[in-house]
Amino acid sequence: MSVRTIGVVMNGVTGRMGYRQHLVRSVLAINEQGGVTLSDGGRVRLRPVLVGRNADKLADIAAKHDISDFTTELDAALAAEDNLIYFDAQVTSARVKAVLKAIEAGKHIYAEKPTAESTQEALALAEAATAKGVKNGVVQDKLFLPGLLKLKRLIDGGFFGRILSVRGEFGYWVFEGDWQEAQRPSWNYRTEDGGGIVLDMFPHWHYVMENLFGRVQSVYARAVTHIPTRVDEQGNAYQATADDAAYGIFDIEGGIVAQINSSWAVRVNRDELVEFQVDGTHGSAVAGLRDCRVQHRAATPKPVWNPDLPATARYRDGWQEVPDNAEFDNGFKVQWEGFIRHVLEDAPFPNDFASGARGVQLAELGLRSSAEGRRIEVPAL
């Protein structure tokens, strides 16, 4: 069995997501399992080349994980011929310039979402990658969550009958940074740095809706900044110029209506940080990050509204857990493996820059809908 090693330039690994999910739980975890297995039985190991602006942080990460290659010079990393892939997990505002540079260098590109801050820029990235002939992919990790994989299994099996509606709840309380440290970086709350929950989460909701239910045809959204002042990593108060909550209604082909709330200013009263309830003529399901519960029409109770009597029914007891029926690996890692196979043996990989551009488009139209106070059609890209 042959083993090949390829270089992967990783830009933005000093950030929370780039370090934890992409470097540690994906690239290094792939190497720990012996590499990515290809269709011919061969294996591919990944040699991470860390890139960032802070040399000290890069050196600390490299030393901790016994990584030999790190640099603050992106051009130097891109110049090495054996570095086949460029991965970008920087702040959104820095992504387009770096990705275009990597495309010009002939690297295959894998990037976090959103791929850009505007639809025009996102489409330009897709067109540039196509023109250069390089493979391209965007992180769409929610599709690989156990809960949503179970939900997809139910849809494919015809469990719901005709799907009527989708209701999504996502979010948690992000501390303001004064009396408790914030769990998210301060740039998330500055529009000028590419922040905002619409730009962060609507691309997620787009690929979830598109892949599970169908094309999104319109959006009506309300974006809000509930917490106007926050405290940054240095302890300085700053004005939050980006939205920290968004309330959206989406029309999906086939007459499905989706309502999805996203908030960094909500306290959790759910089993998981994100949950989707899907209601159909034959049954309903509630899917989270890992679990999925169902209620078939034959087992649906007949509630009677009577506010004069105490509620005695335990409605949650009438739902069944969907069994795993499979082993679920880390979703980020699974998608990394898929992209490596796409690059080296042209395996299918539908989560490309064109798909990423459609997600950016939904975020852009969502913000426009909020500003104009109206429902907006989503043109096909």
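Visitor: How do I read a salt bridge here?

Guide: A salt bridge is a side-chain nitrogen of Lys or Arg within 4 Å of a carboxyl oxygen of Asp or Glu. This is a predicted model. In it, the side chains of R375 and D251 form such a pair, with N to O at 3.1 Å.

Visitor: Which parts of the chain does the pair of R375 and D251 tie together?

Guide: R375 sits in the loop between helix 9 (353-372) and strand 18 (376-377), while D251 belongs to strand 12, so the bridge ties together parts that are 124 residues apart in sequence.

Visitor: How many salt bridges does the structure hold?

Guide: The count is 23. Some are linked to each other. R47, D69 and D82 form a network of salt bridges.

Visitor: Where do E337 and K333 lie?

Guide: Both are in helix 8 (residues 331-345). They are four residues apart, which is about one turn of the helix. Their closest N and O atoms are 3.3 Å apart, and they form a salt bridge.

Visitor: What about R374, just before R375? Which residue is the salt-bridge partner of R374?

Guide: The partner is E372. The closest N and O atoms of R374 and E372 are 2.7 Å apart.

Visitor: Now accessibility. Are E337 and K333 buried or exposed?

Guide: Use the cut-offs. Buried means under 20% relative accessible area, exposed means over 50%, and partly exposed is in between. E337 and K333 are both buried.

Visitor: Why does R375 count as partly exposed?

Guide: R375 counts as partly exposed because its relative accessibility is 45%. D251, its salt-bridge partner, is partly exposed too, at 22%. Now take the other pair. R374 has a relative accessible area of 37%, so it is partly exposed. E372 is at 41% and is also partly exposed.

Visitor: How do I read strand pairing? In which sense do strand 9 and strand 12 pair?

Guide: Look at the direction of the two strands and at the bridges that join them. Strand 9 (residues 216-224) pairs with strand 12 in the antiparallel sense, over eight bridges. For one pair to find on screen, take V216, whose bridge partner in strand 12 is I252.

Visitor: How many bridges join strand 9 to strand 18?

Guide: Two, and these strands run antiparallel. Here V219 stands opposite I376 of strand 18.

Visitor: And surface patches? Which residues make the nonpolar patch?

Guide: A residue needs over 30% relative accessible area to join a patch. Y220, I249 and V257 make a nonpolar surface patch of about 230 Å². I249 is placed in strand 12 (residues 245-252). I249 has a relative accessible area of 38%, so it is partly exposed.

Visitor: How do I read a polar side chain that is covered? Where is Q295 found?

Guide: Check the cover, then look for a polar atom close to the side chain. Q295 is found in strand 16 (residues 292-296). Its relative accessible area is 11%, so Q295 is buried. A polar atom of the Q295 side chain lies 3.0 Å from the backbone oxygen of G318.

Visitor: Last, the record. Which residues does the UniProt domain annotation cover?

Guide: The unreviewed UniProt entry carries the annotation "domain: Gfo/Idh/MocA-like oxidoreductase N-terminal" for residues 50-135. Over residues 50-135, the chain is 47% helix and 17% strand. The C-alpha atoms at the two ends of that stretch are 21 Å apart.

How values were computed. Residues numbered from 1 in each chain as written. Predicted model: local features only at pLDDT ≥ 70, side-chain atom pairs only at ≥ 80, totals over all residues. Heavy atoms only, no water. UniProt positions renumbered as here; feature names shortened; annotations may be inferred. Patch = residues over 30% accessible without salt bridge, like charges linked within 9 Å, V, L, I, M, F, W, Y side chains within 5 Å. Areas by Shrake-Rupley, 256 points an atom, 1.4 Å probe, with all protein chains shown as cover. Buried < 20%, exposed > 50% of the residue type's maximum accessible area, 1.4 Å probe, protein only. Pairing = 2+ DSSP bridges. Polar contact = N/O pair within 3.5 Å; in protein donor to acceptor, adjacent residues only side chain to side chain.
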